[in-house]
Amino acid sequence: MLTLVLPLTEAEGPSPLMPHTAEIIFGFVFLILLAIAFAKLVVPRFEKAYADRTQAIEGGMNAAKQAQAEAKAALDKYNAQLGEARQEAAKIREDAREQGALIIAEMREQASTEADRIVTHARTQIDAERAQAVASLRREVGTMATTLASRIVGESLEEEARQRRTVERFLADLESSESARQAVGTDG
Amino acid sequence: MSQQEDPKPTPNTSGDGWRVLSYLIGGILIYGGIGFGLDRWLGTQFLLPVGIVLGAGLTILLLHFRYGQS
Amino acid sequence: MIAGVSTEFNPPGPEDFQLPPIIPGVDWFTKPVLVAGLSVVLIVWFFYGASRKSAIVPSKLQFAGELGYNFVRNSIARDAIGSQDYMKFVPYLCGLFFFILLNNVAATIPLVQFPTFSHIGWAYSAAILSWVIYNGVGIRKHGLLGYLKLQTMPAGVPLWLLPLMIPIEFISNIVVRPISLSLRLFANMFAGHILLLVFVLGGEYLLLHAGSIALSGVGVITLLMGLAIAGLELFVQCIQAYIFVVLSAQYIGGALADEH
């Protein structure tokens with residue numbers, strides 16, 4: 001209706017409601033061009049930026065979660081290790097105690113063996129010395145007795161056969177009494 | 001600058017006034033036009049204003065049903 | 001301009017919008033074509049530059065581009081069409097919005113100072129494109145009959161009223177929408193420019209040619225008023241770009257809706 005009315009009042013020029021054909025065509029061309037430019041060039045890139053941004057935020061959160069899990073795992077592992085170490089320490093201590101006891105026992109045994117050995121050795125030595133002493137004593141006593149008996153009896157005993165018999169009898173007597181006395185002494 | 005969230009946007013009502021206006025124009029245009037045509041055809045004079053008023057009235061009724069009840 | 005020749009004041013009218021071709025003989029190459037073409041180049045250049053790196057941490061340029069892109073994408077497209085389908089229409093709505101915005105604001109930019117959309121051909125083509133798109137996607141989704149039913153059968157209306165309502169719905173949804181879309185944009189730009197011309201040319205005439213000091217003073221005031229009008233027009237220019245795109249998006253959303 002407006003289009004019908006206006007041209008009557010504006011007799012001089014064409015109505016402003018009558019379009020230039022060229023401008024309608026340019027309008028279409030420009031708008032379609034812009035839509036294509038936005039669709040091809042602008043929208044995908046902005047949307048990519050948005051998607052990247054979202055992903056970056058989500059990725060950051062995931063990373064934080066992962067780091068937390070890792071920290072927790074490390075703590076657990078550390079705690080486990082600590083417990084293990086404690087247990088091990090206790091075990092080592094126990095072992096050491098046992099080993100120490102063992103060593104002490106062994107040492108004690110060794111010491112007592114050594115002591116026994118020393119005593120035995122000493123005793124053997126003493127015995128040997130005594131035997132030696134007895135032998136030398138016997139010889140001396142024989143000489144002395146002979147000498148004494150010669151002195152008392154005179155030259156009659158100088159005869160060798162007689163002399164040896166006499167000495168041997170004397171020593172046998174002496175020995176029997178000596179061994180009896182020694183047996184009594186060691187027992188006591 | 002984050003636009004991935006809120007999938008349920010609030011409806012934009014900024015164009016409602018213009019849509020109401022377009023309804024009014026449409027209603028008056030169609031019923032006024034019918035009245036105008038009938039006037040021409042029957043040689044009467046009163047059907048154009050009747051059509052305009054009827055169109056306006058019906059449009060208001062329509063707007064009432066359409067927007068007034070929610 | 002005419003005031004310089006004759007001493008009589010010639011009020012500005014539609015004939016002021018008849019611009020001569022920039023190159024004599026090439027009738028189609030007018031100032032609006034030049035301005036619109038430059039705006040296309042500017043928009044593509046800016047947004048290409050802003051989005052090229054698609055960095056996670058945006059530069060200042062990318063941030064500015066994202067601000068504008070987000071506004072159309074979220075505040076217009078997603079709100080009106082719904083989060084399911086809106087991405088398909090973001091490129092068209094972005095191009096439409098920045099094209100109208102730049103060409104409207106061009107009316108305030110010195111040296112350009114001519115609103116492209118005061119030539120109605122531009123408004124027609126933008127409105128027809130939106131009309132084709134919202135009817136096209138509606139028919140593709142619901143089929144022709146389903147789409148007509150969707151657009152002409154208002155929900156909640158009593159059955160006996162329905163036959164009376166269907167013509168209103170049809171006319172307003174299919175016929176009036178593109179007309180009002182284009183006329184609103186055109187009329188705002190046209191009237192705004194005439195208003196500005198009245199104040200600027202009238203002020204100039206009063207200041208220089210009225211021949212009295214008092215009237216020259218009034219001329220100064222008129223020119224200052226013209227400055228204020230220019231500020232108001234800048235606001236209107238932005239609002240009209242927004243309205244056009246919001247309505248286009250809402251028509252698309254309505255055509256894709258499952259039911260009213």
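A salt bridge here is a side-chain nitrogen of Lys or Arg within 4 Å of a carboxyl oxygen of Asp or Glu. Keep that handy for the exercises below, and remember that this is a predicted model.

**Exercise 1.** Work out which residue of chain A forms a salt bridge with C:Arg73, and how many salt bridges link chain C and chain A.

*Solution.* Start at C:Arg73 and look across to chain A: the partner is A:Glu47, with the closest N and O atoms 2.7 Å apart. The cut-off is 4 Å, so the pair qualifies. Then take the whole boundary: the count between the two chains is 2 salt bridges. For polar contacts, the tally between chain C and chain A is 9 residue pairs, both residues at pLDDT 80 or more. On chain C's side, helices H1, H2, H3, H4 and H5 each supply at least two of the residues touching chain A. H1(C) gives the largest share, 11 residues.

**Exercise 2.** Describe how much area chain C and chain A bury between them, and which three residues of chain C supply the most of its part.

*Solution.* First, the residues: 48 from chain C meet 35 from chain A. Next, the area: about 3,500 Å² is buried between the chains, 76% of it on carbon and sulfur atoms. Last, the top trio: C:Ile56, C:Tyr69 and C:Pro91 supply 15% of what chain C buries against chain A, more than any other three residues.

**Exercise 3.** Find where helix H5 of chain C kinks, and what follows the helix.

*Solution.* Walk along residues 162–209 and stop at C:Val176, where the kink is about 55°. Shortly after comes the proline C:Pro178. Past the end of H5(C), you meet C:Gly211, with a positive phi near 85°.

Conventions: Residues numbered from 1 in each chain as written. Chains lettered and ligands numbered in written order. Predicted model: local features only at pLDDT ≥ 70, side-chain atom pairs only at ≥ 80, totals over all residues. Heavy atoms only, no water. Bend = angle between axes of the 7 residues up to and from the residue. Helix = DSSP H or I, 4+ residues; strand = E, 2+ residues; numbered from the N terminus. Contact = heavy atoms within 4.5 Å. Buried area = accessible area lost by both parts, 1.4 Å probe. Polar contact = N/O pair within 3.5 Å; in protein donor to acceptor, adjacent residues only side chain to side chain.
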